[in-house]
Amino acid sequence: MIVAKVGRSVAGRRAAASHTGALAQAGDIDDAIFRHHGIVRGEDLDHMLDVAAAFSFCRLPRGNRVAVITGSGGSAVWMADILSAHGLELPVLEDDIQERVLALLPSYASAQNPVDGTAQAIHEVGYARLVEIVRESKRIDTILLIGSLANEATAAKRAEELAAITASTEQPILLSTYTTASPGAMARFAEAGIPCYTSMPSCARAIRALVDYTSFQERRRRPKTVPTTLPAVYDEVASALAAAGPVLTEAEAKALLALYGVARPPEALATNAGEAVEAAVHIGGPVALKVQSPDIMHKTEAGGIALGITGETAVREAYERILANAKAAYPEAPISGVLVQAMARPGSEIILGITRDANFGPMLMVGLGGIHVEVLRDVAFAPVPIGREEALALLDGLKGTELLDGVRGALPADRAALAELMAILSRFAADQADLIDEIDLNPVIVHPQGEGLTVVDALIVKRRPEENRK
């Protein structure tokens, strides 16, 4: 299915309480739903027709690797840039493939990929003989021809040559023209089973759609691995959520998530300075102190957090200070205490959360940057629930996903632990969908591979009663 869905703007969306909700734009949610169900989102009418042509003529590619065959070096470089920008690869062809190609071309031609045969060689050799060689490469999933469709007679000859091998070629074959195309020339290639494009970006988008649909079908064939929740756990959490107020503090949210298996860092809720000192001594090492109030969802802005505190005197002073700050900023806010928490070890900062879309229900969001995510806006969404494999695929879709692999000497992050947390949170949200509006786990510090992660902060916002009646 290729679907046009207008309305990417955020105009009219209600103000969200959490960072996750604030980051959920209509277009992002729609894209996530379409991707989940293998639907191609039409960007405009031309795009929809271009993609439809690709699906009408082409078999699905095995992957995202493209070979470009052209007689125009400039067009080859231009197209290579465009394909790369769409996440498509142009691998270097095997040495033996290059040798066989070069045997048909002048000495100044190139056969690495793109295969630049030069205009003269293409005129003499044509495309079909080059395709017959390149299609034997084990590194290529799609073959893209770049040429001129201005001359209908020449195009008819090339199309006739290609028609003899199109059906027996495993890779899909497409053509992009760099000149004004004759309708008759395009028709000849269509008869040969090859769609033609008059725009390089449109051609790249069509190939990208084929590749994405291949990935969708592969995911669809994999067995789902989302575990079920024990009835006792489901009932206990549902009852606690129903009895809770509109917003659950960090301590309250973590207590419920822990029933689903989300580990809590060493921490304790203190209702006076003495209890805060006892908690800090029991935890050992530097601690963070954080005010707990359903009316103070962004504690930093209220001065309700103290970090890296050590020693009895410092803990007492920090306790009194953040309480005073919180009461000054929110005089009417009920305060249940101060959470004393072990400082998290270093790692990659992630935001993980749930937001409710008016049309599609709870959506999982993951993003890089933690507390800086609203600046970076590197986020991805998926409908709940998802399994670990889907979670890993979602992480791969982030623009900065390589940061999790370790850069500049940093150790790779524990992707497995993060994927497990994503799967658990998505199941929590799916189970309690009627009661939950938003969830924020921000930041989540993902430690080096094999060392797990730390959920530093948490927030749950319940659905309003009038929403539950819809």
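Reader: Which exposed residues are carried by the face of α5 turned away from its buried side?

Author: Those are Asp95 and Glu99. Keep in mind that we're looking at a predicted model.

Reader: And which residues of helix α5 are buried?

Author: In α5, which runs over residues 95-102, they are Ile97, Gln98 and Val101.

Reader: What puts those three on the same side of α5?

Author: Look at the arc around the axis: Ile97, Gln98 and Val101 cover only 100 degrees of it, so they end up on the same side of the helix.

Reader: Okay, on to the rings. How many aromatic pairs are there in the whole structure?

Author: A search finds three. One of them is Phe55 with Tyr213.

Reader: Why is the pair of Phe55 and Tyr213 called edge-to-face?

Author: Check two values. The centres are 5.6 Å apart, and a pair needs them within 6.5 Å, so Phe55 and Tyr213 qualify as a pair. The planes are at 90 degrees, and edge-to-face asks for over 60, so the name fits.

Reader: What does the pair of Phe55 and Tyr213 tie together?

Author: Phe55 lies in helix α3 (residues 45-57) and Tyr213 in helix α10 (residues 200-221), so the pair links parts that are 158 residues apart in sequence.

Reader: Are Phe55 and Tyr213 buried or exposed?

Author: Neither! Phe55 has 28% relative accessibility and Tyr213 has 24%. Buried means under 20% and exposed means over 50%, so both count as partly exposed. Those two also form one aromatic cluster together with Phe216.

Reader: What about Tyr260 and Phe428: what makes their pair edge-to-face?

Author: Same kind of check. Their ring centres are 4.9 Å apart and their planes are at 70 degrees; the angle has to be over 60, so this pair is edge-to-face. Tyr260 sits in the loop between α12 (250-259) and β9 (267-270), while Phe428 belongs to helix α17 (residues 415-431), so the pair ties together parts 168 residues apart in sequence. Both Tyr260 and Phe428 are buried.

Reader: How do you know that strand β10 is mostly covered?

Author: Count its residues: six of six are buried. On one side you have Val287, Leu289 and Val291, and on the other Ala288, Lys290 and Gln292.

Reader: Which strands does β10 pair with, and in which sense?

Author: With β12 (residues 337-342) the pairing is antiparallel, over six bridges, and Gln292 stands opposite Gly337 there. With β11 (residues 305-309) there are three bridges, antiparallel again. Two bridges are enough to call it pairing, so both partners pass.

Reader: Why do β4 and β7 stand at the edges of their sheet?

Author: The open sheet has five strands in the order β4-β3-β5-β6-β7, with parallel pairing. β4 (115-116) and β7 (196-197) each have a single partner strand, so one side of each is left without a neighbour in the sheet. Inside that order, five bridges join β5 to β6, and Gly147 stands opposite Thr177 in β6.

Reader: Last one: which helix gives the most to the lining of the largest pocket?

Author: That's α10, with eleven residues. The pocket has a volume of about 1,900 Å³ and is lined by 49 residues, with Asp212 and Arg219 among those nearest its centre. By class, 19 of the lining residues are charged, 17 nonpolar and 13 polar.

Notes. Residues are numbered from 1 along each chain as its sequence is written. This is a predicted model: local features need pLDDT of at least 70, side-chain atom pairs count only at pLDDT 80 or more; totals for chains, interfaces and linings use all residues. Side-chain values use heavy atoms; hydrogens and water are left out. Rings of Phe, Tyr and Trp (its six-membered ring) pair if their centres lie within 6.5 Å; planes under 30 degrees apart count as stacked, over 60 as edge-to-face and the rest as tilted. Helices (H or I, at least four residues) and strands (E, at least two) are DSSP runs, numbered from the N terminus. Buried means under 20% relative accessible area, exposed over 50%, partly exposed in between (1.4 Å probe, protein chains only). On a 1 Å grid over the protein atoms alone, a cavity is a set of points where a 1.4 Å probe fits but cannot get out, and a pocket is an open set with protein on both sides within 12 Å along at least five of seven lines; lining residues have an atom within 4 Å of a point. Grid points are joined across faces, edges and corners, and a volume is the space filled by probe spheres set on the points. Ala, Val, Leu, Ile, Met, Phe, Trp, Tyr, Cys and Pro count as nonpolar, Asp, Glu, Lys and Arg as charged, and the others, Gly among them, as polar. The arc is that of the directions from the helix axis to the C-beta atoms.
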